[in-house]
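I opened this notebook page to look up the fold, the salt bridges and the surface of one protein chain. My entries follow in the order in which I looked.

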Amino acid sequence: MDTISNLALGFQVLMTIETLGLCLFGVTVGMLIGVLPGIGSMAAISMLMPLTFYLEPSQALIMLSGIYYGAQYGNSITSILLNVPGTPSSAVTALDGYPLCKQGKAGPAIFITTAASFFGSCFAILCLTLFTPVIAELALSFGSIEYFSLMVFGLITASVVSPGSQLKGIAMVLLGLVLGLVGTDITTATFRFTFGFIELTDGITLVAVAMGVFGATEVITNLSRPKHLRAKAQNVGLRQLLPTGNDMRQAIKPMVRAAPIGTFLGVLPGAGATISAFVAYGVERRIARDRTRFGKGAIEGIAAPETANNAAAQGSFIPTLSLGIPGDGVMALMLGALLIHGVKPGPQLITENPEIFWGLLASFWVGNLMLVIMNIPMIGVWVRILKIPYRHLFPCILMLVSVGVYSVNNSAFDLMIVFVFTVLGFAMSLTKMSPAPMLLGIVLGVMMEDNLKRAMLLSRGDPMIFLERPISAVLLGLTLVVLLLPLVKMIRGHAKTE
């Protein structure tokens with residue numbers, strides 16, 4: 001009964017014209033971002049975050065999260081029509097989606113990916129509704145010692161599990177922690193790493209960093225994208241969208257298997273939608289009677305990854321909302337938005353600000369319904385948008401970045417920060433270093449420092465307190481396992497080659 005009454009509270013928060021409009025705006029922008037190759041949800045959320053400063057916290061979170069899960073719906077369209085993934089999580093969809101397009105089955109493929117996305121999202125939202133309050137209640141017994149260990153576990157797991165080199169991921173986390181130290185020491189009130197700039201005494205502006213490494217960097221990186229890719233989009237009519245009964249029968253079982261996979265991996269720090277999609281695809285390929293169909297237009301090859309990446313996108317909200325620990329860069333931005341509004345993330349969020357948590361859950365149900373309605377009937381619109389020249393699109397994005405950053409503090413210094421982090425972000429893209437762990441480090445750095453100081457005060461400076469507390473010891477042990485796993489894998493690989 002509590003869950004039902006709480007959901008009723010959430011729908012009460014959502015069912016205002018302004019909040020519903022923001023939900024619609026968020027999912028529409030997310031859908032658009034997903035359709036346009038190369039402009040990820042991170043960049044879009046970074047650019048639009050300043051708009052949320054004038055909104056209620058619940059409205060801000062509803063709009064920003066709509067961009068995130070909306071992008072998961074739109075990204076399959078470019079994968080199927082152009083063989084160009086809109087976001088990394090839809091890369092695996094292109095393996096069978098584009099062959100289906102070449103066979104003249106682009107319409108049914110888009111219909112099935114939409115149905116799979118909706119199914120995966122619904123499954124994960126149900127888990128979010130049932131399990132998040134329970135996890136948050138358990139987390140209320142955590143003290144500063146357990147929280148510090150939990151943050152260490154989250155940061156290390158996110159850096160090791162994220163795509164690319166594990167060492168590079170850990171290096172980016174450390175860089176983020178150092179950047180998080182910039183500003184004023186909360187205990188001694190002394191300035192740290194400000195180098196005489198009075199603008200840095202409050203720390204580096206999170207919005208400026210995010211817009212630099214994600215927004216402006218995306219523009220520069222995509223300037224090298226071949227122009228001819230944008231001219232290949234086929235027109236797909238409404239009558240061509242309906243799949244056959246056999247297509248749907250082939251899609252249902254992979255969807256049922258992929259939904260829990262995506263939700264589970266979405267909860268883990270660092271795994272996220274991309275890894276979930278690849279794992280679900282791998283499972284289907286492994287259990288298939290005829291594996292040779294994969295890569296040539298298998299329905300299972302589009303249904304499973306699209307279910308998994310949408311389930312993971314929704315599942316990633318579970319640790320973020322219940323524990324206050326973001327699993328990836330997008331969730332770090334969500335927590336950043338809450339902190340900017342003066343709302344403390346963590347298990348207290350559900351008890352102290354139930355309208356934010358349950359309003360967000362209600363928006364997930366309504367937002368996903370909006371996306372289904374938009375995705376299928378408006379397919380012709382999305383195909384036309386694919387043909388917008390980048391020379392018209394990118395100047396608009398840079399203008400949004402500049403206006404958005406300047407409007408936060410009316411400070412030209414923040415624009416300089418954007419420039420510095422754009423150069424840094426472009427260098428990261430050239431060296432294959434993901435900026436997401438760095439953002440996690442910046443967001444969690446201050447909270448980690450605060451909890452570490454409290455823990456040291458409680459133990460009178462004895463670090464063994466982290467091993468004497470059972471939950472903390474288990475979390476640190478898991479962190480060690482996560483750190484050693486790549487080493488074990490490397491040793492086993494060498495042993496096999498010899």
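I call a residue buried under 20% relative accessible area, exposed over 50% and partly exposed in between, with a 1.4 Å probe and protein chains only. The model is predicted, so I kept in mind that local features need pLDDT of at least 70 and side-chain atom pairs pLDDT 80 or more, while totals for chains, interfaces and linings use all residues. Residues are numbered from 1 along each chain as its sequence is written, and side-chain values use heavy atoms, with hydrogens and water left out.

Entry on the whole chain. I found 22 helices and two strands, these being DSSP runs numbered from the N terminus (helices H or I, at least four residues; strands E, at least two). Of the 498 residues, 55% are buried. The chain exposes about 21,600 Å², of which carbon and sulfur atoms supply 69%; accessible areas come from the Shrake-Rupley method with a 1.4 Å probe, and for residues only the protein chains shown count as cover.

Entry on salt bridges. I took a salt bridge as a side-chain nitrogen of Lys or Arg within 4 Å of a carboxyl oxygen of Asp or Glu, and a search of the whole structure gave eight. Which residues are linked with Arg192 in a network of salt bridges? They are Asp185, Glu449 and Lys453. Arg192 pairs with Asp185, their closest N and O atoms being 3.4 Å apart, and Asp185 counts as buried because its relative accessibility is 11%. Arg192 also meets Glu449 at 2.6 Å, N to O. Since Glu449 lies in helix α20 (residues 436-459) and Arg192 in strand β2 (residues 191-192), this pair ties together parts that are 257 residues apart in sequence. Both Glu449 and Arg192 are buried.

I then turned to Arg293 and Glu300, whose side chains meet in a salt bridge at 2.9 Å, N to O. Here Arg293 is partly exposed at 26% relative accessible area, whereas Glu300 counts as buried at 13%.

Entry on a helix pair. The axes of helix α4 (residues 57-81) and helix α16 (residues 354-375) come within 9 Å and cross at roughly 30 degrees; axes are lines fitted to C-alpha atoms, for helices over the stretch in contact, and angles run from 0 to 180 degrees between N-to-C directions. Among the residues that meet (heavy atoms within 4.5 Å) are Tyr69, Gly70 and Tyr73 of α4 and Phe364, Gly367 and Asn368 of α16.
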